Amino acid sequence: MLFRSDRPTAILAAVAFAVALLAQVLTFGVSLTPDRYVLVLLAPALVLGRGRRFLLDFVPFVALIVLYEESRGIAHSLHPTPYYRPQLDAEKFLFFGHVPTVSLQDWLWTGSLHWYDQFLSFMTRVHFIVPPTLAFCLWLKRRALYYRFAATLLVLSYAGAFTFWAYPAAPPWAASFKGLLPPLANPAGTQAATSPLPTDSGPLYHLVSDNPYAAVPSLHEGYAMLVFLTVVLLAWNTRWRWPVFGVALLYPIIQSIAVVYTANHYVVDLLIGAVYATVAVFGMRRL
């Protein structure tokens, strides 16, 4: 274990994390980029007396994640024209001619934000902070666990970036713009436009190239599945395996509903992302 602390110190570290997170959200919004979120995690590390060790372990990880984000942008620059039909046809094949995004929006979207729109839009944003939060918890438990998780996340990310270049895929919202699907709303964008919170990206992310598609594989699902598998595998040999399995499974399920409903991904994208994550997790465990 990296550290042992008494209960008051652990509580103080949790308070430091909560205060730092609240300050960042109020200042920059919920979509915290890794270069900003690492400052949130630094607060409890300092309280625990592990600030220097934290920086040595996490700064290279964050730098490689930022480099992955740039790789996504480069992939789009090299191959900017996406494919529309293959994933759309596969979606219709799986669902007997229906597209779940269209069905969900016909059922739930009324033209104005409801509590479930806000919740699902929020879930698409916490996708960026759940994996580093788990990484930090693993780091506190044992650095070897952290390094395994970080390496797996990086392998998954860069495999995704390579696929974005090899097969740039249009998400449902882009197919809607193309006229291949009925008009689709963007609840996440509507919430961001009406939210009192800012949406400023981190200082490094102003320099990162954008990729407006990045649909196959779905790394929303890939990261969620990575989190799920990591937590379940850690608990598998304990008496808590099934309660942990049930609770942890909620995260990829909710994340899947969120990205399909907000027209960011087809279900096909999610299935491919889940396969990528599973291969990355068990491949890294073998190594």
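Visitor: What makes helix 3 and helix 7 count as being in contact?

Guide: In this predicted model, Arg53, Phe54, Asp57 and Phe58 of helix 3 meet Pro132, Ala135, Phe136 and Trp139 of helix 7. Contact calls for heavy atoms within 4.5 Å, so these residues qualify. They divide into six nonpolar, no polar and two charged.

Visitor: Why is helix 3 called oblique to helix 7?

Guide: The two helices pack at an angle of about 130 degrees, with their axes 12 Å apart. Roughly perpendicular ends at 115 degrees and roughly antiparallel starts over 145. The angle falls in neither range, and therefore helix 3 is oblique to helix 7. As for handedness, their crossing is right-handed.

Visitor: How do you know that the span of helix 7 is close to the expected one?

Guide: Helix 7 covers residues 130–141, twelve in number, and reaches 17 Å from first C-alpha to last. At 1.5 Å a residue, 16 Å is expected, and the two values are close. Its buried residues include Leu134, Phe136 and Trp139. The buried residues of helix 7 pack against helix 2, helix 3, helix 8 and helix 11.

Visitor: And back in helix 3, why is His76 called buried?

Guide: Happy to show you! Buried means under 20% relative accessible area. His76 has 18%, so His76 is buried. This residue is found in helix 3, which runs over residues 51–78.

Visitor: Which residues is His76 in contact with, leaving aside neighbours within four places in sequence?

Guide: Those are Asp210, Asn211, Pro212 and Tyr213.

Key: Residues are numbered from 1 along each chain as its sequence is written. This is a predicted model: local features need pLDDT of at least 70, side-chain atom pairs count only at pLDDT 80 or more; totals for chains, interfaces and linings use all residues. Side-chain values use heavy atoms; hydrogens and water are left out. Helices (H or I, at least four residues) and strands (E, at least two) are DSSP runs, numbered from the N terminus. Buried means under 20% relative accessible area, exposed over 50%, partly exposed in between (1.4 Å probe, protein chains only). The expected span of a helix is 1.5 Å times one less than its number of residues. Axes are lines fitted to C-alpha atoms, for helices over the stretch in contact, and angles run from 0 to 180 degrees between N-to-C directions. Angles under 35 degrees count as roughly parallel, over 145 as roughly antiparallel, 65 to 115 as roughly perpendicular and the rest as oblique. A crossing is left-handed if the near helix is turned anticlockwise from the far one by less than a right angle, and right-handed if clockwise. Ala, Val, Leu, Ile, Met, Phe, Trp, Tyr, Cys and Pro count as nonpolar, Asp, Glu, Lys and Arg as charged, and the others, Gly among them, as polar.
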